[in-house]
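Please examine the sequence and the structure shown below. The paragraphs that follow explain how two chains meet and how far the coordinates may be trusted.

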Amino acid sequence: MNESLLPTEVPVVGSNGEVLTDSAGHPITVDPRENDPDYEPIPRCARCPAEPPPVDPGDQHTVTTDSEGLINEEVEVTDDNPLTP
Amino acid sequence: MVLTLITATSASAHYVYENDEVWSNTDSSKCLYTRSEVSHGVGGGYAQSRGLASDDWGVPPVCIWGWDRPAGNLATKWTYYKKTSSGWSVCRSIGWKYNTSKTNVLRASKTFAIYPPCGGGYYATKAWSKVYYSGAWHGAYSIWSGSHYIEP
């Protein structure tokens, strides 16, 4: 699969694999390349407090450390609706 | 790059993944890998992305060992595709997930318990990860897992 062959706007499919359409019958599309706003991990000024990283409601974050010292954070996600901004 | 299909005796043990380096600094002492995976899971399928600021299973140890990233300095996300008669379509998608504590591997995953979320057929995961270093985000190039058939 040559990923570059994927179109910019990609149709969204529903629970039965059907392409979702709007009220006019046109396919609903999303742009998977669209970037979410970047979180800024450093304070905006020297005296500003650092903002904690965003955590989505319902997500389960689990942190483990293995015998070799690798720290592994796993996020079991909840919201995966492609039409949710 | 690695493209792997592992097949075991159980229908729950199939998975396809690919990984690649998406960023390194000039002397390659620090780097970021993205791994993209689609799997049978427990029957309904499974999508996962990993951002690896370290060596880990499935990633060649060519860069560094355990580059600990503070909270909010490592992120990953994925889009889960379903193949239709007209090509690949988006089935599920998540936004950036950030590490909440010191971490060198960040995974974001979802297991679809019984039925695939958009019907039976071929699925694939497109994954991204990014790392914050020296005042900027790096990486964020997509990695395509390869496709995997999941029964209805």
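**Where the two chains join**

A:Glu76 has B:Ser109 as its bridge partner in β8(B). This pair belongs to a longer arrangement: β4(A) and strand β8 of chain B, residues 105–111, pair in the parallel sense over five bridges. The model in which this pairing appears is predicted. The predictor assigns the complex an ipTM of 0.86 and a pTM of 0.87.

The next step is to consider the whole contact. Chain A contributes 44 residues to it, and chain B contributes 53 residues. Within chain A, the residues A:Ile71, A:Glu73 and A:Asp80 supply 16% of the area that this chain buries against chain B, more than any other three residues. Between them, the two chains bury about 3900 Å², with 51% of this area on carbon and sulfur atoms.

Polar contacts also link the chains. Between chain A and chain B, 25 residue pairs are in polar contact, counting pairs in which both residues have pLDDT 80 or more. On the side of chain A that touches chain B, the elements giving two or more residues are β1 (10–11), β3 (60–65) and β4 (71–76). Which of the elements gives the largest share of this side? It is β4(A), with six residues. By character, the residues on this side of chain A divide into 21 nonpolar, 10 polar and 13 charged.

The charged residues lead to the salt bridges. Side chains of opposite charge can pair when their charged atoms come close. The structure holds six salt bridges over all chains, and four are found across the interface of chain A and chain B. B:Lys97 takes part in a salt bridge with A:Asp56, where the closest N and O atoms are 2.5 Å apart. This pair crosses between chains: B:Lys97 lies in strand β7 (residues 97–98) of chain B, while A:Asp56 lies in the loop between β2 (29–30) and β3 of chain A. B:Lys97 also forms a salt bridge with A:Asp59, and here the closest N and O atoms are 2.6 Å apart.

It remains to ask about confidence. Chain A has a mean pLDDT of 86, and 88% of its residues reach 70 or more. Among the elements of chain A, the lowest mean pLDDT, 91, belongs to β2(A), and the highest, 95, belongs to β3(A). For chain B the mean pLDDT is 85, with 84% of its residues at 70 or more. Where in chain B does pLDDT stay under 50? It does so over residues 1–13, for which the model has 26 contacts beyond four places in sequence. Where pLDDT is low, the predicted coordinates should not be read in detail.

Key:
Residues numbered from 1 in each chain as written. Chains lettered and ligands numbered in written order. Heavy atoms only, no water. Contact = heavy atoms within 4.5 Å. Buried area = accessible area lost by both parts, 1.4 Å probe. Salt bridge = Lys/Arg side-chain N within 4 Å of Asp/Glu carboxyl O. Polar contact = N/O pair within 3.5 Å; in protein donor to acceptor, adjacent residues only side chain to side chain. Helix = DSSP H or I, 4+ residues; strand = E, 2+ residues; numbered from the N terminus. Nonpolar A, V, L, I, M, F, W, Y, C, P; charged D, E, K, R; others polar. Pairing = 2+ DSSP bridges. pLDDT = per-residue confidence, 0-100.
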